[in-house]
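Visitor: Could you take me through one part of this model in detail? I'd like a close look at the place where the two domains meet.

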Amino acid sequence: MADAERIPGFNTLAIHAGAKPDPTTGARATPIYQTTSFVFDDVDHAASLFGLQAFGNIYTRIGNPTNAVLEERVAALEGGTAGLAVASGHAAQVVVMQTLLMPGDEFVASKKLYGGSINQFNHAFKSFGWQVVWADPDDISSFEKAITPKTKAIFIESIANPGGVITDIEAVSKIARKAGVPLIVDNTLATPYLCKPFNYGADIIVHSLTKFLGGHGNSIGGMIVDGGTFNWSREGRYPMLSEPRPEYSGIVLHETFGNFAFAIACRVLGLRDLGPALSPFNAFLILTGIETLPLRMQRHSDNALAVAEWLSKRPEVAWVSYAGLPGDKYNALAKKYTPKGSGAVMTVGLKGGYDAGVKLVSNVQLFSHLANIGDTRSLIIHPASTTHKQLSDAQKVQAGAGPDVVRLSIGLEDKEDIIADLEQGLTAK
Ligand SMILES: *Cc1c(COP(=O)(O)O)cnc(C)c1O
């Protein structure tokens with residue numbers, strides 16, 4: 001190459017980062033290394049792998065060559081130092097928190113999050129002794145007020161699922177820095193194509209690969225990306241990283257692995273002991289999806305903006321929450337954090353309330369009525385009659401899932417067809 005210093009662009013990284021032709025067969029696509037375990041060269045090689053003195057493959061619960069390409073790919077796209085692939089987005093959140101928190105510790109989280117994360121934080125994490133303290137992304141000072149000496153992390157979403165809420169990452173990162181805790185950003189809805197949280201002070205990024213990174217509605221997966229920015233040894237607040245590890249002959253992970261120590265800790269402690277390994281087959285499908293990420297995210301965003309503009313003029317529609325819409329409450333933040341577009345997901349309030357929501361999901365034909373986002377296909381759900389049915393009306397409204405609310409994940413079909421389907425769904429008798 002003429003210019004050895006040249007840093008490849010995003011489109012190039014999406015196709016090539018982490019991947020080389022297979023050294024033994026020449027296979028150009030990354031092979032699916034569908035094996036549980038890997039043969040050692042000799043006893044010394046085995047000992048050095050188990051002692052963390054050498055990098056290499058041991059057992060697919062801890063690492064796998066197909067998954068390694070996916071890890072390098074997403075880390076490169078986010079601009080992080082290392083990645084760790086896990087079995088789901090929720091598994092990524094458990095592994096991150098288990099590396100940071102001890103029983104009795106707290107973390108501060110935005111109260112506008114994916115519903116599954118709100119459940120995980122309120123219930124499963126509570127049973128581990130980790131206390132969530134909720135803050136309001138529309139009032140940044142609430143994050144600062146929620147910090148106590150027990151706080152070990154702050155957790156936000158870049159674009160929040162489902163409401164089209166954009167969080168002011170830079171403002172929250174300043175609060176995290178002052179408190180001496182890492183900022184974790186769930187970048188699932190934006191993907192690194194639309195938003196780069198490390199550029200605004202995030203320390204750790206998590207993903208549900210299930211959504212836009214995989215992008216085709218066929219595989220569950222999760223990813224942790226280490227930004228390499230946080231000082232884990234300060235005041236000994238993160239003992240998994242700053243204390244000697246007895247099972248690895250007393251090594252201190254932060255000392256030994258420096259700016260990718262967090263990703264290593266998540267792998268050799270979290271993934272090893274908790275066990276949510278990603279299948280290499282899913283890694284292969286998600287890698288294939290990522291090759292077209294920039295093309296897909298641009299189309300998702302362009303289609304979604306056209307649909308949001310059309311819906312906002314409809315007589316059946318009371319409001320549209322989509323940060324890309326001029327005049328939307330989050331439009332200024334969207335211009336800063338997601339300048340290329342605001343993604344696929346929006347919520348819509350129908351004047352006809354609960355019955356109108358049921359009618360719309362029952363009458364659409366191109367849209368699929370299901371609980372997912374980030375498919376090539378357009379998706380729709382009426383939370384009040386499905387995911388949030390068990391809540392009281394007041395709780396539904398609080399969760400952004402009032403009786404009148406419908407969530408859309410706009411796919412890659414022709415926008416005219418998407419709009420025509422919504423039109424016949426809204427006007428059906
Ligand atoms: C879906 C989702 C998750 C959970 O991911 P899974 O892969 O379903 O475990 C977490 N965060 C956001 C924003 C999501 O959309």
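Guide: Quick bit of vocabulary before we dive in: pLDDT is the predictor's confidence in each residue, on a scale from 0 to 100. You'll want it here, as this is a predicted model. The chain averages a pLDDT of 95, with 99% of the residues scoring at least 70. Confidence peaks in strand β9 (residues 222-226), at 99, and bottoms out in helix α16 (residues 393-398), where the mean is 78.

Now to the meeting place. Domain 1 covers 8-289 and domain 2 covers 294-427. Their centres, taken over C-alpha atoms, sit 29 Å apart, and each side puts residues into the contact: 32 from domain 1 and 32 from domain 2. As for how much surface that hides, about 2,700 Å² is buried between domain 1 and domain 2, and carbon and sulfur atoms give 59% of that area.

There's plenty of polar business too. Across the interface of domain 1 and domain 2 you get 14 residue pairs in polar contact. On domain 1, the side that touches domain 2 draws at least two residues from each of α1 (10-16), β6 (165-166), α7 (169-179) and α8 (191-194). Sort that side of domain 1 by class and you find 16 nonpolar, 11 polar and five charged residues.

Side chains of opposite charge can pair when their charged atoms come close. Two salt bridges cross the interface of domain 1 and domain 2. Have a look at K329 and D138, whose side chains form a salt bridge at 3.3 Å, N to O.

For some context, the whole structure holds 14 salt bridges. Take R267 and E71: their closest N and O atoms are 3.0 Å apart. That pair ties together distant parts of the chain, with R267 in helix α11 (residues 261-274) and E71 in helix α3 (residues 65-78), 196 residues apart.

Terms used:
Residues numbered from 1 in each chain as written. Predicted model: local features only at pLDDT ≥ 70, side-chain atom pairs only at ≥ 80, totals over all residues. Heavy atoms only, no water. Domains from an automatic or database assignment. Contact = heavy atoms within 4.5 Å. Buried area = accessible area lost by both parts, 1.4 Å probe. Salt bridge = Lys/Arg side-chain N within 4 Å of Asp/Glu carboxyl O. Polar contact = N/O pair within 3.5 Å; in protein donor to acceptor, adjacent residues only side chain to side chain. Helix = DSSP H or I, 4+ residues; strand = E, 2+ residues; numbered from the N terminus. Nonpolar A, V, L, I, M, F, W, Y, C, P; charged D, E, K, R; others polar.
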